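Here is my note on the structure you sent. Please keep the coordinates open while reading; the points are numbered for reply.

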Amino acid sequence: MIEAKASVADTRAKLNAEIRRVTGSVAVTSTINSQREAETRAQLEAQRAKVIKLKEARDEASGLMREVESAQRAYENITTRLTQTSLESQSTQSNVNLLAEATPPLKPASPRVALNTALAFVAGLVLAIGLALLLELRDRKVRDADDVMAVLPLPMLGVLPAPGKRAQALPSAERRLLGAPGAASRGAA
C-alpha cells in the first residue's frame with residue numbers, strides 16, 4: 001500500500017511536472033503567438049497605409065496625365081494653326097472674285113437736314129411756350145381786382161382805374177364796384 005501510495009504520489013508528481021511543463025510551453029507559445037499577431041497587425045496597418053498612399057499617388061498621376069494630354073492637344077492645335085497660317089501667308093493666290101464694282105450713293109443717308117431742322121423748330125417752340133407758361137405761373141404779381149379778391153377773403157372797398165383805360169376794359173369786379181355800364185347786365189346773367 002505504501003508502495004502504491006508512493007507510486008501514485010510519484011505519478012502525480014510526474015503528472016504535475018508534466019502539466020507545468022505543458023502549461024509553461026502553452027503559455028510561451030501563447031505569448032509568442034500574441035507577439036506574432038501584434039506584428040502581423042502592425043504589418044497589415046503599414047501595408048494599408050502604403051496602399052492608401054499608392055492610391056493617392058495613382059489618382060494624382062492620372063490627373064497629371066489628363067493635364068499633360070490636354071496641354072499636348074492644345075500644343076498640337078497651335079502648331080497646326082501656325083503651319084496653316086504660314087502656308088496661307090506664303091500663298092499668292094486668293095479665292096476672292098470681283099462680282100460687281102461698288103458705286104457711291106447719290107444722297108447721303110444720315111444727316112437729314114430738313115427733318116432735323118423741322119424737329120428742332122417744333123421742339124424749340126414747345127420748350128419756349130412751356131417756359132413762358134412756367135414763368136407766368138411763378139409770377140405772383142397782382143394784376144387786377146379779381147386777383148386781389150381771389151387771394152384775400154376781404155371785401156373790396158374801391159378801385160382806382162388806370163389812366164386811359166375805358167370802362168369796358170375793366171375787369172368784372174371793378175365794373176361792379178364802379179357801376180360801369182354793362183356790369184348790371186352781366187351780373188344778372
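1. Start with V126. In this predicted model, V126 counts as exposed, because its relative accessibility is 56% and the cut-off for exposed is over 50%. The residue is found in helix 2, which spans residues 113-138. So a valine is exposed on this helix.

2. Which residues form the nonpolar patch on the surface? V126 belongs to it, together with F121, V122, L125, I129 and L133. Their accessible area together is about 620 Å². Please look at this patch on the display.

3. Confidence in that region deserves a word. Helix 2 has the highest confidence in the protein, at a mean of 94. Helix 5, residues 183-188, has the lowest, at a mean of 45. Over residues 183-189 the pLDDT is below 50. Beyond near neighbours in sequence, that stretch has four contacts in the model. For the protein, the mean pLDDT is 83. Of its residues, 84% reach 70 or more.

4. Now the overall fold. The protein has five helices and zero strands. Along the sequence the pattern reads α-α-α-α-α. Helix 1 covers residues 2-90.

5. How much of the protein is buried? Of its 189 residues, 5% count as buried. The protein exposes about 17300 Å². Carbon and sulfur atoms supply 62% of that area.

6. Contacts across the sequence come next. Take the contacts with a separation of 6 or more. Residues 24 or more positions apart account for 26% of them.

7. On to charge pairs. Side chains of opposite charge can pair when their charged atoms come close. How many salt bridges are there? The count comes to four. Three of them are taken up below, in sequence order.

8. D10 and K14 meet through their side chains in a salt bridge, at 3.9 Å from N to O. The cut-off is within 4 Å, so this pair qualifies. The two residues are four apart in helix 1, so about one helical turn separates them. D10 is partly exposed, at 40% relative accessibility. K14 is exposed, with a relative accessible area of 55%.

9. E18 and R21 also form a salt bridge. Their closest N and O atoms are 1.9 Å apart. I would ask the authors to comment on that value. Why are E18 and R21 separated by about one helical turn? Because they are three residues apart in helix 1. E18 counts as partly exposed, at 36% relative accessibility. R21 is exposed, with a relative accessible area of 51%.

10. E45 and R48 give another salt bridge in helix 1. The N to O value is 3.2 Å. These two are three residues apart, so again about one helical turn lies between them. Are their side chains exposed, partly exposed or buried? E45 is partly exposed, with a relative accessible area of 45%. R48 is partly exposed, with a relative accessible area of 46%.

11. To sum up, three points should stay in the text. Helix 2 holds V126, and V126 is part of the nonpolar surface patch. Helix 1 holds the pairs D10 and K14, E18 and R21, and E45 and R48. Residues 183-189 should carry a caveat, with pLDDT below 50.

Conventions: Residues are numbered from 1 along each chain as its sequence is written. This is a predicted model: local features need pLDDT of at least 70, side-chain atom pairs count only at pLDDT 80 or more; totals for chains, interfaces and linings use all residues. Side-chain values use heavy atoms; hydrogens and water are left out. Patches are made of residues with over 30% relative accessible area and no salt bridge: like charges are joined within 9 Å, nonpolar side chains (Val, Leu, Ile, Met, Phe, Trp, Tyr) within 5 Å. Accessible areas come from the Shrake-Rupley method with a 1.4 Å probe; for residues, only the protein chains shown count as cover. Buried means under 20% relative accessible area, exposed over 50%, partly exposed in between (1.4 Å probe, protein chains only). Contact means heavy atoms within 4.5 Å. pLDDT is the predictor's confidence in each residue, from 0 to 100.
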